[in-house]
Each structure stands twice: as C-alpha cells, then as structure tokens.
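User: Please take a close look at the nonpolar interior of this model and at the domains around it. The local backbone and the contacts elsewhere may follow as context.

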Amino acid sequence: MPKNPQPPQWASRLLEWFCADHLLEEIQGDLEERFLRNVDLFGEQSAKRQYAVSVLGFIRPFALKNEKSPVPLYTQIMISNYFKIALRNLLKHKGYSFINIFGLATGMAVTMLIGLWVHDELSYDKSFKNYDRLGQLWQFVTFDVEKSSYTVLPIPLAKELRTKYPDVEAVSLSSNNLSLILDAGEKKMERKGNYVEPFFTDMLSVNMISGSKDGLKDVNSVLLSESSAEALFGDEDPLNKIIKIDNKASVKVAGVYKDFPFNTSFNDVSFLLPWSLYEATNPYVKSVTDAWDDNSFQIFVQLKTGADFEALSSKIRDIRMKMNNPPSYKPEFFIHPMSRWHLYSEFKNGLNTGGLIQFVWLFGIIGGFVLLLACINFMNLSTARSEKRAKEVGIRKAVGSVRTQLVMQFFSESLMVVLLSFILSLIIVQLSLPLFNEVAAKQIRILWENPLFWIAGLGFTLLTSVISGSYPALYLSSFQAVKVLKGTFRVGRFAAVPRKVLVVMQFTVSVTLIIGTVIVFRQIQHVKNLEVGYNRQGIIEVRLNTPELQGHYDELRTDLLETGAVVEVAESVGSITGSGGLTTNFSWKGKEPDSRPLLMGNNVTHDYGKTIGWEIVQGRDFSRNYSTDSSAVILSEATLKLTGFKNPLEEIVTHQGKPLKVIGIVKDIIKESPFQEIKPAFYVINYKAVDMIMVRLSEGMPVSTALEKVADVFRKHNPSSPFMYNFVDVQYGKKFKEEERIGKLSLFFTILAVMISCLGLFGLASFIAEQRTKEIGVRKVLGASVLNLWGLLSRDFLILVTISLFIASPLAYYFMNKWIEGYVIKTDITWWIFVGSGAGALLISLLTVSFQAIKAALMNPVRSLRSE
Amino acid sequence: MKRIYLGEFEEIVLLTVAVLGDGAYGVSISDAIEEQTGRSASLSAVHAALHRLQEKSMLHSRMGEATAERGGRRKRLFTVTALGNRTLNEIRTVRNRMWDSISPQNFPAVSI
C-alpha cells in the first residue's frame, strides 16, 4: 500500500503560526482537500508546491492573528481622543504652550549639555587601552615647611623602577611637552611634541596609520601625528622623508600615527622623537643621565595586570632618601594613576585635594537645579491650567468616563508635551553645541549611538511627565461631577500653597546663582586689576630656538634698535609670564640654617629692566657703566621681606656659592598665577644661560609695521626658522583662562536659570490675572485705579521673591566664601553684592509680573463683566 | 437609496454561493468559479472574499459535520443572507434596466 502523501510540514506549521485561530480549521481543511486532489491529478511534488504557494497566499490581513483584538475598540478611540484634546488644548492656549514646552526644553537642553560635558570629563583618557595600568611618576618635595608636588623627576629613577620592581611592566622617560620647529624643506612650523623611549608607543597603544611603532628605536627618526604629517607634507607620502628639528638634528619620518583623541592628556603631542636623540643633541640631558638630584623629566609607567598603584607607591617612596647623601628637599616619589590625572590633579601639602572634579560636581549640581527649575515651571503651569479644566472633567464623568480613564487622559497629555520638549531640546543642544564647545574648550557631540543617553533622556521624559501629570491626573479626576457642573465646586484655599513653595524655590536657586556669578566676576576683575610690576603692553617675546640666535645678543640688539620700531631689547631665561629658575640655593646673612625657601632666580641682560619697565623702589638698575654689576643682584620686594634686610643696599647674598652685591630693590612682578602669592625673586646678569628675547615696540608706530620690521631682522639672523612671537599681554591674559571659563559658564547658566524662572512667573502671572478678570472688573467699576490693581496683582509675587532673597543670600554667602577661600589673592564679599543681586532679581520679576498686571488692569471692565 | 457596493470578484463569489446552495464551502466555491467562469480562483482569494462578504452581512456561515476526508476537519458552510439576496437582485435589476435602455442603433455589434 502506498504511503499516504502528506502536505509539506513547514508550510502547515507556518500556517498554524500566523493564521487566526478561528479560521485555522476551515482553511487547513480546504487546503488539505485541494492537496489530496492535486496529488491525484499532478503527482505529489507538484501538489506539495501548490500547497506551499497557497499557504503563502493566506498571508493577508483578514487571516492574520490580530494582536490588538483583545483591546476593546472604544479604548482605542478614547486614546486617540485624548491626544486630539491635548493637541487642541495646546493650540488653543498658544502662549502657555510655548512657555511650557520651550521652558522645559531649555531646561532639558542645559542639563543635557552639562551631562555631556560631565560625561566627557569622566571619560577623559579612557580611550587608552592600558588606561587602568598606566601611571605617571610624581614627587613631593619639602622646601620650607609645605610639601609641593612636581611631575619632573631625575632620569636614573626610570632605570631603578625598570630593574628592581617586578610589578612594573614598562617604563618610559619623556621630555616635557616641548615646542620645536619642524622643518620639512618647503614648510616649517612650530609644533609640540615629546622625546620618549621606544616602549612609550606600546604603553599608549598608539594607533599607527603607516610605518612602524618601533620606529623610535632608531636614533634619527620621528613619528608624526596624522595632522602634523598632513600639515608638513600635504598629500605626499611622509614616510622616509627628512625633517630638521630646531635646525639641529635631521630625522627620518619612521611612521605616522592617528592623532591622540582630544579628550586625553596627550592631545597636544603632535610628534614623538626618540629619547636617544634627546641625549645625542642635548648635552645637558647627556650630563644628567645619572644625576639623582636633577629633576627635569617626566616618567610614565605601566604596571602588570593586577598590580596596585598604592602598594607600589609606598615601596618607591623613599628610594632617594635611603641612598647616601640625600638632598635637603626630601623627595618622596609616588605614582599617580592615569584614571586620576585629569580630575584629581591638585595636591596640597602631600594630600590630593581634587582638581577639576570639583567643577564636575559644581556644574552637575547646577545642571540638576536648572532642570529642577524647568520642571517646577512645567508643573506649576500645567497644574494651574488644569484647574480650568474642571468642567471638562465634570462633563466627561457625566457621560460615563471612569476615573482610570481620566487618569490615563491626563498622563498621556503630559507625556505628549514632555516628549515634544525632549525633541525640541535635542534640536537646541545640537544647535548650541558649537558655541558651547568653544566656551568650554571641548569637542563634545551628542551621543546618538549611546544607549545610555537614550535611556537617560527617555527615562527622564517619562519621570517628568508622570510627576507633572500626577496632580491633574490624580486630583482632578476625583472631582464630583455634580458639584463641578452645578458650579458649587471651589478649588481649596491651600491649592496654591505648593505652587508658591515652588516659586520660592525657583527664585532661591536663581538668586543664589546671580550672587555666585557676580562674585566670580568680581574675583577675576580684582585679580586682573592687580599691579603686575611692569608694563606688559607692547612687548613681544621670541624664543631663542636655534644656534643662529643664541649668543648673538649684541648684533641682534643693534639691528633691532636701528629699525626704529623698537625701543629696547633684552634677554632672559624663560618668559616674563612664566616661572623659571626656581632655586633653594640662596642664602644671606642672618638666614635660619634650616629654612629652605624657594626663590625664582632670573638670568637677565642689562636692558631687562628698561625693556619690561619695572619699577625700582630702592637703589639702581643694572648698568653697563659698572663693571662690577656682573656680580650684582636686584631683589624683589617679596625677597626683601623674606630676608628682613634693614639696609638692603649694603648687603651681600649668596646664590650657588657666588656672593652677589645687592644694588636695587624692584616691585614684585607677577610671573606665575596671579591668583597665588608672589614668590620672592632676584635678578642677576647672565648673557649665556638665556633663551628668550623680549622686544619693546615703539609706541609711535602702528603695531603691524613695527612687527614687520622686527620680523625682517629676525629673518636676516635666523633664515632657517619661521618668525614666531608672543605678545606678553596676551600671554598674561591666558592666566585667567580657567577662571574666565568658569565665569562665562556660570554666567550662561545664571541667565538661563533667571530666564526660566521668569518665564514661569510670567505664565503664572497671566494665569492669575485671567482667573481674577471678574474681580478686577468689579474693582474697576467701584473706582480702583490702575496703580491699585497693579499693586494688587504684583504684591503676591514680590512677597514670594523677597522670601527667596532671604533664603538665597546666606546660602550664596556660605558657598562663595568656601570657593574664595581656595584663593590666596581674593576679593572681599561685600554687602552690596547681595543687595544689588536682590534688587536686580526683584526688578526683573516685577517687570515680568507687571506686564500681565498692567494688561489686566487696563482692561475695559464692561468686557470682563459682560461675559456672563 | 443607500447601497452596498460589491466588487466584481465578490459578486461572483456571492453568486456562486447562491448557485451551490447547501454545499458551499471554500474548495467547492473555488472549483465552481473555475468551472463557471473559466478563470482560476486561489483558495486564499476566495476565503478573503467570503470573509468580507460575511462582514458586510451578505453571507451567513456555520460549521459543518466532521468528515474523514479532510483529516477530520470541519468545513465552514456558507449560505446567502436576505441582504445578500436583495443585493444580488438589485444588481441584476440595475444591469437589466441599463441593458434595456440601450437603443438598438447604439447596441454593440453582436452578431445574431
């Protein structure tokens, strides 16, 4: 007997899977009947094929399982009705809708920006593969009483770590981030880069585009970053091309690596040169290879997996002190892990005091507050509006809505509005990112592909809509329909209390921010107004970077003076705006034997004082007329205070064993951070150990012409390098970069906070005015003046703002006092800041409210009273 | 007069159900259509049309008795409802009236 033919199993399964249950039996039956007939007529194969085709033919809407079928039809209709009503409500009250949506969107956008910024800060350096295992060597040194921290270390420490500590996987010495001239023949440019040991590329998992990571093993080689290779060679293949470094050494391009990401500590390293070249070209480096007390270099380490930074740090702490003849500054070495480089980079007296992490917290908190303000607004306005809809609720209840439906309605409505704001905020963020990046010096973008971003964003959307929708949803839906429709329903006396509390909160935050911003700006201004001790206008500085410039002071000076564009020229070690020549090797008669104060020793030429325009307080400036000036010294006022000399001009001091006669006292010059105490300094004549030339341009000539003439002189003397200079006042201005950035950001947040608060106040005021239309009408008829009514409507709000002033002032004082305590040079927090900020806040809120109040007060009473 | 329009294929399916009387179900309708009109009608198309007609209340259906030949599965048997009947009649009346109102000279040239 032949086997019974069966339809193909996969097709029947498919049918069972997609077909609606109530149709399955008949369809399966029909298909099988047809199948059996086809087997007889055309054979089994053909029948099977046709069966499958017919099954596929049933993939039509009517036969499919309908997932939605359990949801009753009316529910679907009602939900679409909720959205329709919500949309109509939005369109009917365009003003409120705008304030509501726009206010919330601004708040969300600000929070998003801050969130992105915080994310960026927290992910700093994380792109390195060995992030968890990399560290940088630091040392604490004790000069006088306090421990200071430095990242510069002696060279032999690297070898010591490499050979004696098994937890260390790799060590690389590195120069500081140096500005060098790269000369590729046609193109020359100044770029920043480091001299490093070959293993450095592995430690930082350098991403090679072409060439080899091991290129640094060869002395005369260089690895270029992608951008610097492009700048030097354009589209040409840079591999194996020759570059001259500072017009001294010629090196071959051994490889090109992808630029280090912007949010890493190495983002300004645009080339890597081999350490061996550093030793070969720089006699100083060669001479200190075994010097344990010459601290000028960086050391990076990579630990073995599982090794602990703390444990290793405690082991290496006293390496130097255990040796013979320990130095008086008592170095303590430790390893600072990469995960803490960026955010925890400040040390005070041997303890970590944080650093940028404080700003991450600060701005995180501000962001939270701005968002809170926006949410408060949103809730205030939507609850205020929803009271208007009591009638709608009554009618809905009368025609049969149950409470859950009303709850659903209000929730879906607030969800819709919040979603709209979320979308709008994304647009705002996208548009404002370029500006924000500029102010914050970041390269931030929206994390479109990060699921966490979406979870946070949508989660917040949901939360806000639930919170802001909960009042109307839960409270309004409990109204009794009869009462509402009869008109005997009254909103309770205390319904407005939470709203008032929220307004007070809002203004407390705003006023605190205003006061804080004022104090930040005053602090910056205060420090900017400090006397720097010299005239920083019109001076340019040029680094003596090539042999052609070094040691040719007299020729250069004569040529420069001849141009007529230059008043005076001098040379010194380091820039006027930088600290250099720090030393403890300085003594005087009457110095306590144990004290080791840190001073700044400056090598200068005779004309230094005249060039920068310092102020001599006592004695005289250096002069070529006295041949003895080669062993003379000029002290700053801070040094005078330190030494306690009564008659300084008769004293002799000793620097590095050499006795120096004091010939003058100058006013303190701010070289380091103007926010810190000025270090004692002294100035000596030295024509050899100088590396910077400063040129005072003549005032009578336009700057561009003068610069051109100066440039010509430099090109004549130093044809191989581009002429690169800095204006001293610009360099000095950069010292305020960090503080100014904080100032700008806090100004930005304050304006937003105030704006959002006022937007909310505006909305509330117009709501109140509308609610009291009749009352105002009656009052007008009975003779109230516009001024009366204005006062009536504004008073409530002003009371709220005043209350918040009294809360905000002590709060702001507390926090700002803590902030300003961190500075040595600080402005005073005076009473008028609080009064001024308070008055400003009052004025702004008064203006906001008055617009609505006066509008309401000017209304014709006939209109408002006629409406019933 | 409110009228429910029928598609051409729907009309044919409805007519076929009427022709078949008691024995109208998917396969038999599909076979009958092929027989009557000479065009093939897939089962799925027929089922879809039956479904629509039922939604329009022109067909009524019930499940038949289980038989051995379809693996023991029951058939869904269709009958024309009163509304279906009236609709068919209306269509026929309209068509007839229109045929009748064609004047002889405009009559398409059909050879007699």
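Analyst: Helices (H or I, at least four residues) and strands (E, at least two) are DSSP runs, numbered from the N terminus. The model is a predicted one, in which local features need pLDDT of at least 70 and side-chain atom pairs count only at pLDDT 80 or more, whereas totals for chains, interfaces and linings use all residues. Residues are numbered from 1 along each chain as its sequence is written, with chains lettered from A and ligands numbered from 1 in the order in which they are written.

The largest nonpolar core (buried Ala, Val, Leu, Ile, Met, Phe, Trp, Tyr and Cys joined through C-beta atoms within 7 Å) contains 73 residues. Val370(A), Ala374(A), Ile515(A) and Ala753(A) have the most contacts inside this core. Two or more residues each come from α5 (94-122), α12 (357-387), α14 (403-440), α17 (497-528), α23 (737-771), α25 (786-821) and α26 (831-857) of chain A. At least three residues of the core come from each of domain 2 (74-124 + 354-489) and domain 4 (499-525 + 729-868) of chain A; such bounds come from an automatic or database domain assignment.

Ile515(A) gives a local view of this core. Beyond residues up to four places away in sequence, Ile515(A) touches Ala808(A), Ala812(A), Met816(A), Ile833(A), Phe834(A) and Ser837(A), contact being C-beta atoms, placed from the backbone, within 7 Å. A second, separate core has 57 residues, among them Trp138(A), Leu157(A), Leu273(A) and Phe300(A).

The domain assignment also gives chain A domain 1 (9-63), domain 3 (134-341) and domain 5 (539-728). Taken over C-alpha atoms, the centres of domain 2 and domain 4 of chain A are 23 Å apart. Their contact joins 20 residues of domain 2 of chain A to 19 residues of domain 4 of chain A. On the side of domain 2 of chain A that touches domain 4 of chain A, α5, α12 and α14 of chain A each supply at least two residues, and α12(A) has the largest share, with 11 residues. That side has 14 nonpolar, 6 polar and no charged residues (Ala, Val, Leu, Ile, Met, Phe, Trp, Tyr, Cys and Pro nonpolar; Asp, Glu, Lys and Arg charged; the others, Gly among them, polar).

The contact between the chains takes 15 residues from chain B and 16 residues from chain A. On the side of chain B that touches chain A, the elements giving two or more residues are α2 (26-37) and α3 (43-55) of chain B. The largest share of this side, 5 residues, belongs to α3(B). By class, this side of chain B has 3 nonpolar, 6 polar and 6 charged residues.

Within chain B, Glu11(B), Leu14(B), Leu15(B) and Ala18(B) of α1(B) meet Gly84(B), Leu88(B) and Ile91(B) of α4(B). The residues of this contact of α1(B) with α4(B) comprise 5 nonpolar, 1 polar and 1 charged.

Two loop residues complete the context. Lys330(A) is placed in the loop between α11 (309-316) and β12 (332-337) of chain A. Although not a glycine, Lys330(A) has a positive phi of about 50 degrees. Ser57(B), in the loop between α3 and β1 (59-63) of chain B, is not a glycine either and has a positive phi of about 65 degrees. Most residues other than glycine have a negative phi.

How values were computed
A residue is buried if 20 or more other C-beta atoms lie within 10 Å of its own, exposed if 12 or fewer, and partly exposed in between; C-beta atoms are placed from the backbone. Two residues are in contact if their C-beta atoms, placed from the backbone, lie within 7 Å.
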